[in-house]
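This report describes the interior of one protein model, beginning with its enclosed space and then turning to its cores and aromatic pairs.

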Amino acid sequence: FMGFVGLAFFGFAIAEHWLPVPVQMALAAFATAIFTIAYGYVMEWASFGFKRLKPMNSPVLEPDFWSHERHWKLCAPGFVGLFNGTPFKGTAWRLLGAKVGKMLFDDGALFTERALTEVGDYVTLSRGVTVQNHTLEEGMFKSGMIRLETGSTVGVNGYINYDVTLGAGASLEPDSFLMKGEQVPPRAVWGGNPARQLRASS
């Protein structure tokens, strides 16, 4: 659908010559980006009936899980990648329902359930980070909060599962998997797969 919209904008830019073609092409690209962002936000909230998502523990054959699966199919927040590494990434996540503090540096993280993610002030998220608020276990769908507290850092390709707190000033090393339920103390350094404490709080 978004590809069709983009082609429509660019087709109009080529067909109409009320401005120089390069200017019209630039305007078409800008219009496509704005429409993509607006459409993405509307679909994100509409997929949950404009209500906030809550943690869930449901069999996969129950309607509660089906509604969540519908959300995955309808929303496509890939457009937030337009803001990777910029001061606007935090705002992009907030509009999708995440609670994000000030001065976030996000170089390309993925939040699977934005409304179940809380990010404190001065947090650093490296490229390839995945914050996954759910899992499927033996026919059960489970989801929960993930909290990245003030000043915490997640290294490149770090992976965080649900019901996790990364304490203030704590770090997760690159290519590490922080498993469900872990509570990382403030200023500690964890790493590995599964992640374990490498250095204690200083």
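The lining of the largest cavity divides into 5 nonpolar, 1 polar and 4 charged residues; here Ala, Val, Leu, Ile, Met, Phe, Trp, Tyr, Cys and Pro count as nonpolar, Asp, Glu, Lys and Arg as charged, and the others, Gly among them, as polar. Among the lining residues are Glu44, Trp45, Phe48, Arg52 and His71.

This is a predicted model, in which local features need pLDDT of at least 70 and side-chain atom pairs count only at pLDDT 80 or more, while totals for chains, interfaces and linings use all residues. Residues are numbered from 1 along each chain as its sequence is written, and side-chain values use heavy atoms, with hydrogens and water left out.

The largest nonpolar core (buried Ala, Val, Leu, Ile, Met, Phe, Trp, Tyr and Cys residues joined through side-chain atoms within 4.5 Å) has 31 residues. Those with the most contacts inside this core include Trp93, Phe111 and Leu178. A second, separate core of 5 residues includes Phe48, Leu53, Ala115 and Met145.

Aromatic rings of Phe, Tyr and Trp (its six-membered ring) pair if their centres lie within 6.5 Å; planes under 30 degrees apart count as stacked, over 60 as edge-to-face and the rest as tilted. The count comes to 3 aromatic pairs, two of which are tabulated here.

| Pair | Centre to centre | Angle of planes | Class |
|---|---|---|---|
| Phe65 and Phe141 | 5.2 Å | 50° | tilted |
| Trp93 and Phe111 | 4.2 Å | 20° | stacked |

Phe65 and Phe141 are both buried, meaning under 20% relative accessible area (exposed is over 50%, partly exposed in between; 1.4 Å probe, protein chains only).

Notes: On a 1 Å grid over the protein atoms alone, a cavity is a set of points where a 1.4 Å probe fits but cannot get out, and a pocket is an open set with protein on both sides within 12 Å along at least five of seven lines; lining residues have an atom within 4 Å of a point.
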